[in-house]
Amino acid sequence: MARPALTREEVLAAATDLVRQHGPETLTMRKLAAELGTAVTSIYWHVGNRESLLDALVERTVAELGEIRPVGRTPAGRIVSVARALRRRLRDHPHLVAMVHERGLTERMFLPAQQALVHEVHAAGLRGARAADVVRAVQFQVVGHVLVERNRERAPAQHPGEEELWGARTAEEDPALARTLSRTIDTEKLFVLSVKALVAGLLAGARDGASDSGSGPGPDSGDRTVSRAPYPQ
């Protein structure tokens, strides 16, 4: 039986899987053709050269990662759901997200999630600069947490490890604290705990009718210059 005609979407899907598993540096047109059981010329016909293929993968990633639908019964719960979904997608696609970052499309990739957060922050009663602060704080919390997770996963084995470092002396005679800090971190549980606490604190002002339509930082807000560190692969 003859193989069905290859489509552009099939080529992009196969290329996405290869990059997800092994990183963009391992993606070659010959390897992709072998994966699809077709000729290299067929790959070129559908997606052009390798740079055109990588550009198409970036556009595909931006579109896919941007589709986040909040769930929950309250604005706070829905904000947390957006944060959890965004973290999960960044965790699941590190190589693809790194490609997006390298091509200068990170802000565009985050825009749909930011818009979802804006909607929920407005529903919670905050507007203006206060609302913008919530959106950015949640986004930075997600990205920062993912960066720490990735760095811990790629770090060499630690000697001594946490289980050896935490005892009665280092824990100030708090054995329960020592036992907990010596265990493997449940990163999902820690992330949810921290995001819920962050959101609860940020939305607390909404109950008092707090709103600020100004655009600049307040006197106690500190320097808000954004540091654009590269996303780890």
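1. To fix terms, a salt bridge here is a side-chain nitrogen of Lys or Arg within 4 Å of a carboxyl oxygen of Asp or Glu. By that count the structure, which is a predicted model, holds 13 salt bridges. As background, side chains of opposite charge can pair when their charged atoms come close.

2. Start with R60 and E9, whose closest N and O atoms sit 2.5 Å apart. This pair ties together distant parts of the chain, with R60 in helix α4 (residues 50–65) and E9 in helix α1 (residues 8–22), 51 residues apart. What is the relative accessible area of each partner? R60 comes out at 17% and is buried, since the cut-off for buried is under 20%. E9 has 44% and is partly exposed.

3. Helix α4 turns up again through E51, which forms a salt bridge with R103 at 3.2 Å between the closest N and O atoms. Here too the link spans distant parts of the chain: E51 belongs to α4, while R103 lies in the loop between α6 (94–102) and α7 (106–123), 52 residues away. E51 is partly exposed at 44% relative accessibility, and R103 is partly exposed at 27%.

4. Another α4 residue, E59, pairs with R108, and their closest N and O atoms are 2.7 Å apart. That bridge connects α4 with helix α7, where R108 sits, across 49 residues of chain. Both ends are partly exposed, with R108 at 41% relative accessibility and E59 at a relative accessible area of 38%.

5. Then there's a salt-bridge network to look at. Its linked members are R84, R87, R91, E149, R150, E153 and E188. Keep R87, R91, E149, R150 and E153 in mind, as these residues come back in the helix contact below.

6. How do α5 and α8 cross? The axes of helix α5 (residues 75–92) and helix α8 (residues 128–154) come within 10 Å, at a crossing angle of roughly 35°. The crossing is right-handed. From α5, the contact residues are I79, A83, L86, R87, L90 and R91. From α8, they are V138, V142, V143, H145, V146, E149, R150 and E153.

7. What classes of residue make up that contact? Eight are nonpolar, five are charged and one is polar. If you're browsing the model, R87 and R91 on α5 and E149, R150 and E153 on α8 are handy places to look, given that these residues also belong to the salt-bridge network.

Notes. Residues numbered from 1 in each chain as written. Predicted model: local features only at pLDDT ≥ 70, side-chain atom pairs only at ≥ 80, totals over all residues. Heavy atoms only, no water. Helix = DSSP H or I, 4+ residues; strand = E, 2+ residues; numbered from the N terminus. Buried < 20%, exposed > 50% of the residue type's maximum accessible area, 1.4 Å probe, protein only. Axes fitted to C-alpha atoms, helices over the stretch in contact; angles between N-to-C directions. Left-handed = near helix turned anticlockwise from the far one by under 90°. Contact = heavy atoms within 4.5 Å. Nonpolar A, V, L, I, M, F, W, Y, C, P; charged D, E, K, R; others polar.
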